[in-house]
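Colleague: Before I use these labels, I would like to see each one set against its cut-off. Can we go through them in turn?

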Amino acid sequence: MDRLRPRQRQRQRAAFSGFTKPEIKKMEKFLMKSRELLLSKEFCKKMARNFSSSAGRAGKPIIKWTKVQSWFLARLQESTSKVPSLTDTSKTESRISETCPLDDGPQIPQILKVGEKIPDLSGLEFEARSSKDGAWYDVDTFLTQRHLGSGEPEVLVRFVGFGADEDEWVNVKKAVRHRSIPFQHSECNKVMVGDLVLCLQEKRDQLIYYDVHVNGVERKTHDIRGCRCIFLIRYDHDGSEERVRLRRLFYIRGQEI
């Protein structure tokens, strides 16, 4: 399953400055859209083609879609609001219950308010783990709910940026949680060996998010770029290991760090 789930990450360099003022103004109008849309390959390609073919770019180099994506990445990072207080998993389940009630009805699918959106996504965001690839994706909608024969509650979710053909039933207790938070440069000392965190896996043009455990930490002196520490992580879904920097790690709310 080729899902692209871009998510904002720590800013490493200034926003790309090779745009004209009209192009920047046009992009700024889209900043209120979802991050998944703004960072998607299709959206950035369309905008790059539009810019490159416009009269205002005559005599200037064409715009690559990756440059558009880099601009949005930087701007989204700049607009990151103050990290909210951490909440535990019981509150996550409670809030999901308010959005998509999980009653103790008969052990068959219980149809509730189909198509109900999570209210105020700016202050309340969820992510869910897909059983297809083990990766975590942002939740756009809780469509309905049901209880398995074991009594375990499940919700049918629609992932941000995907259609109905990608809707998936997920276990509320095991595969739904509040959206993970990127670590700040000053928080690298909080990441310890043995910790469970979310990691951005970069593969070609794909940005995919998996749970990982920290197997080792190489503490380094920070410089003007921020944290330079190296973290040896092991992906939970396939056991592979990789050395990454802090910008690719996210705090899983409810974990003790």
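Modeller: Start with burial: a residue is buried under 20% relative accessible area, exposed over 50%, and partly exposed in between, with a 1.4 Å probe and protein chains only. This is a predicted model, in which local features need pLDDT of at least 70 and side-chain atom pairs count only at pLDDT 80 or more, while totals for chains, interfaces and linings use all residues. Residues are numbered from 1 along each chain as its sequence is written, and side-chain values use heavy atoms, with hydrogens and water left out.

Colleague: Why is Q201 called buried?

Modeller: Its relative accessible area is 7%, so Q201 falls under the 20% limit. Q201 belongs to strand β7; strands here are DSSP runs of E with at least two residues, helices are runs of H or I with at least four, and both are numbered from the N terminus. With contact taken as heavy atoms within 4.5 Å, and residues up to four places away in sequence not counted, Q201 touches Q206, L207, I208, Y210, Y235, H237 and R248.

Colleague: Why does D140 count as buried?

Modeller: D140 has 18% relative accessibility, which is under 20%, so the label applies. D140 lies in strand β2. Its C-alpha atom is separated by 8.6 Å from that of E125, and the two are 15 residues apart along the chain.

Colleague: How do you know that the span of helix α3 agrees with its number of residues?

Modeller: The expected span is 1.5 Å times one less than the number of residues. For the twelve residues of α3 (residues 41-52) that gives 16 Å, and the end C-alpha atoms are 16 Å apart, so the two agree.

Colleague: What makes the buried residues of α3 line one face?

Modeller: The buried residues are F43, C44, M47, A48 and F51. Seen down the axis they fall within an arc of 130°, so they line one face of the helix; the arc is that of the directions from the helix axis to the C-beta atoms. The face turned away from this buried side carries E42, K46 and R49, which are exposed.

Colleague: What makes β1 and β2 a pair?

Modeller: Two strands pair if DSSP finds at least two bridges between them. Strand β1 (residues 126-129) and strand β2 (residues 136-147) have three, in the antiparallel sense, so the criterion is met. R129 stands opposite W136 in β2. The two strands form a hairpin with six residues between them, and G134 in the turn has a positive phi of about 75°. Three bridges also join β1 to β5 (residues 176-178), again antiparallel, with E127 opposite R177.

Colleague: Why are β6 and β10 placed at the edges of their sheet?

Modeller: The sheet is open, with six strands in the order β6-β11-β7-β8-β9-β10 and antiparallel pairing. β6 (181-182) and β10 (241-244) each have a single partner strand, so one side of each is left without a neighbour in the sheet. For β10, four bridges join it to β9, and R243 is the bridge partner of L232.

Colleague: How do you know that the largest nonpolar core lies between domain 2 and domain 3?

Modeller: A nonpolar core is a set of buried Ala, Val, Leu, Ile, Met, Phe, Trp, Tyr and Cys residues joined through side-chain atoms within 4.5 Å. The largest has 33 residues, and those with the most contacts inside it are V157, F231, I233, L246 and L249. β8 gives the most to this core, with four residues. Domain 2 (126-178) and domain 3 (181-251) both contribute, so the core lies between them; the bounds come from an automatic or database domain assignment. A second, separate core of 16 residues includes M27, L38, M47 and F72.
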